[in-house]
Amino acid sequence: LYLSGWVVSDLNQPITFNLISGSIRIIIFLLYLVLISQLKDVKTLFQYHGAEHKTVYNFESGKPLHYKEAQKFSTKHPRCGTSFLFIIMLVTIFLYTILDSVILLFINNLTILIRFISHLAFMPLIAGVGYEVLKFLAKNQNNIFCRFLTLPGLLLQHITTQEPDNSQVEVSIIALKFLI
């Protein structure tokens, strides 16, 4: 919010302010993912993340849970947490613009502090809307528009998921069986 305040001269422009603010959040998120993906331990973590996706696909297919079966599936999944985070960033731009516009109906000047407090207060709502959007998009992958909207999250998974080895898939299967 502070960086956006530097860029946007009139803080009472909800659309401009939230587009800039959202863009800054997305850039920071992408830089963070790219930087941490270079760490050895994180590369291993991302292999386990890929194993988790393969196992979930295997489970959803109804086929027996086995590492040989799971290895046939993709490491990219439309209901991934990475996709969720990206959807949240897009939803915040839209919903915070509406929130700021409503606040401007009651006060004359939106400061960074007012934005910070109001945006923080509405984070649970943002998360809930983002979760519902993720579920809706994942459930409607046969619709070209929904597939298009899930594409950025799936592309991000090229960073956050890697091909696992068989032992990592076995660990994921054991974890899933324990949860079931």
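**View 1. Helix 5 meets helix 8 in this predicted model.** Let's start where the axes of helix 5 and helix 8 (residues 144–160) come within 8 Å and cross at roughly 130°. That angle makes helix 5 oblique to helix 8. The crossing here is right-handed. To find the contact, look on helix 5 for Thr82, Ser83 and Phe86. Their partners in helix 8 are Pro152, Gly153, Leu154, Leu156, Gln157 and Thr160. Sorted by class, the residues of this contact are four nonpolar and five polar, with no charged ones.

**View 2. Helix 2 packs against helix 5.** Here helix 2 (residues 14–36) joins the picture, its axis 9 Å from that of helix 5 and the angle between the two about 155°. What does that angle make helix 2 with respect to helix 5? The answer is roughly antiparallel, because angles over 145 degrees count that way. Helix 2 and helix 5 also cross in a right-handed sense. From helix 2, the contact takes in Pro14, Ile15, Asn18, Leu19, Gly22, Arg25, Ile26 and Phe29. On the side of helix 5, the residues they meet include Leu85, Phe86, Met89, Leu90, Thr92, Ile93 and Tyr96, and further ones among them are Thr97, Asp100, Ser101 and Leu104. By class, this contact holds twelve nonpolar, five polar and two charged residues. If Phe86 seems familiar, that is a residue of helix 5 that also meets helix 8.

**View 3. Helix 3 crosses helix 9.** Now turn to another pair, helix 3 (residues 40–61) and helix 9 (residues 166–179), whose axes lie 8 Å apart at an angle of about 55°. This makes helix 3 oblique to helix 9. Their crossing is right-handed. Helix 3 brings Thr44, Gln47, Tyr48, Ala51, Glu52, Thr55 and Phe59 to the contact, while helix 9 brings Gln168, Val169, Val171, Ser172, Ile173 and Leu176. In this contact you will find seven nonpolar residues, five polar ones and one charged residue.

**View 4. The largest pocket and its lining.** About 240 Å³ of space lies in this pocket. Which elements give two or more residues to its lining? They are helix 5 (81–106), helix 6 (112–121) and helix 7 (123–139). Helix 5 provides the largest share, four residues. Around the pocket you can pick out Leu1, Arg25, Ile88, Met89, Thr92 and Tyr96, together with Phe116, His119, Leu120, Met123, Ile126 and Ala127. Nine of the lining residues are nonpolar, two are polar and one is charged. Some names return from View 2: Arg25 of helix 2 belongs to the contact with helix 5, as do Met89, Thr92 and Tyr96 on the helix 5 side.

**View 5. Stepping back to the protein chain.** How many helices and strands does the chain have? There are nine helices and zero strands. Read from the N terminus, the elements run α-α-α-α-α-α-α-α-α. The C-alpha trace spans about 60 × 35 × 30 Å along its principal axes.

Terms used. Residues numbered from 1 in each chain as written. Predicted model: local features only at pLDDT ≥ 70, side-chain atom pairs only at ≥ 80, totals over all residues. Heavy atoms only, no water. Axes fitted to C-alpha atoms, helices over the stretch in contact; angles between N-to-C directions. Parallel < 35°, antiparallel > 145°, perpendicular 65-115°, else oblique. Left-handed = near helix turned anticlockwise from the far one by under 90°. Contact = heavy atoms within 4.5 Å. Nonpolar A, V, L, I, M, F, W, Y, C, P; charged D, E, K, R; others polar. 1 Å grid on protein atoms, 1.4 Å probe; cavity = no way out; pocket = protein on both sides within 12 Å on 5 of 7 lines; lining within 4 Å. Points joined across faces, edges and corners; volume = space filled by probe spheres on them.
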